[in-house]
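Q: Let's zoom in on a single part. Please take a close look at the nonpolar core for me, and put it in the context of the whole chain.

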Amino acid sequence: MPLFKTEKKAPRGPAGRWDVLVSEEMCKACGFCLNVCPTDVFAWRTVTNRLGWFPAYTAREEHCVGCMLCYQICPAFCIAVAPRTGGTR
């Protein structure tokens, strides 16, 4: 059984109602979040963090549908997803 789906399919849900935070100093650049995200919220930094990795960052937070797959799969526990307070931006 493959770890990741070969075809990304975005779940149904309202986008843009979630805050997505990546602790870039803890990120070990495994890429799991980029591979599992159905709406391409994450991207790679072009500069290294203190650990020497090119960390992921939240590039398109407005695309997040709150599926929490990135939060669940991150082995370094450096991703936080929470409902946005104060409504949409």
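What follows goes from the overall layout to the core, then to the cysteines and the rings.

A: Quick ground rules: this is a predicted model, where local features need pLDDT of at least 70 and side-chain atom pairs need 80 or more, while totals for chains, interfaces and linings take in all residues. Residues are numbered from 1 along each chain as its sequence is written, and side-chain values use heavy atoms, leaving out hydrogens and water.

The protein has two helices and four strands, in the order β-α-β-β-α-β from the N terminus. These are DSSP runs, H or I over at least four residues for helices and E over at least two for strands, numbered from the N terminus. Of its 89 residues, 33% are buried, meaning under 20% relative accessible area with a 1.4 Å probe and protein chains only (exposed is over 50%, partly exposed in between). Take contacts (heavy atoms within 4.5 Å) between residues at least 6 apart in sequence: 65% of them join residues at least 24 apart.

Now the core. A nonpolar core here is a set of buried Ala, Val, Leu, Ile, Met, Phe, Trp, Tyr and Cys residues joined through side-chain atoms within 4.5 Å. The largest one holds 17 residues, and V20, C33, F42, C64, C70, I79 and V81 touch the most other members. At least two residues apiece come from β1 (18–22), α1 (32–36) and β4 (79–83), with β1 giving the largest share, three residues. Zoom in on C70: leaving aside residues up to four places away in sequence, C70 touches C33, V36, F42, I79 and V81. As background, nonpolar side chains in soluble globular proteins tend to be buried together.

What about the cysteines, and how many disulfides are there? With a disulfide taken as two cysteine sulfur atoms within 2.5 Å, the count is zero. C27 stays unpaired because its closest cysteine sulfur, in C78, is 4.8 Å off, too far for a bond. C78 is in no disulfide either, its nearest cysteine sulfur being that of C74 at 3.5 Å. C27 counts as buried because its relative accessibility is 6%, and C78 counts as buried at 6% too.

One last side-chain detail: the charged end of R45 sits over the ring of Y57, 3.9 Å from the ring centre. The cut-offs there are NZ of Lys or CZ of Arg within 6 Å of the centre and within 35 degrees of the ring normal.
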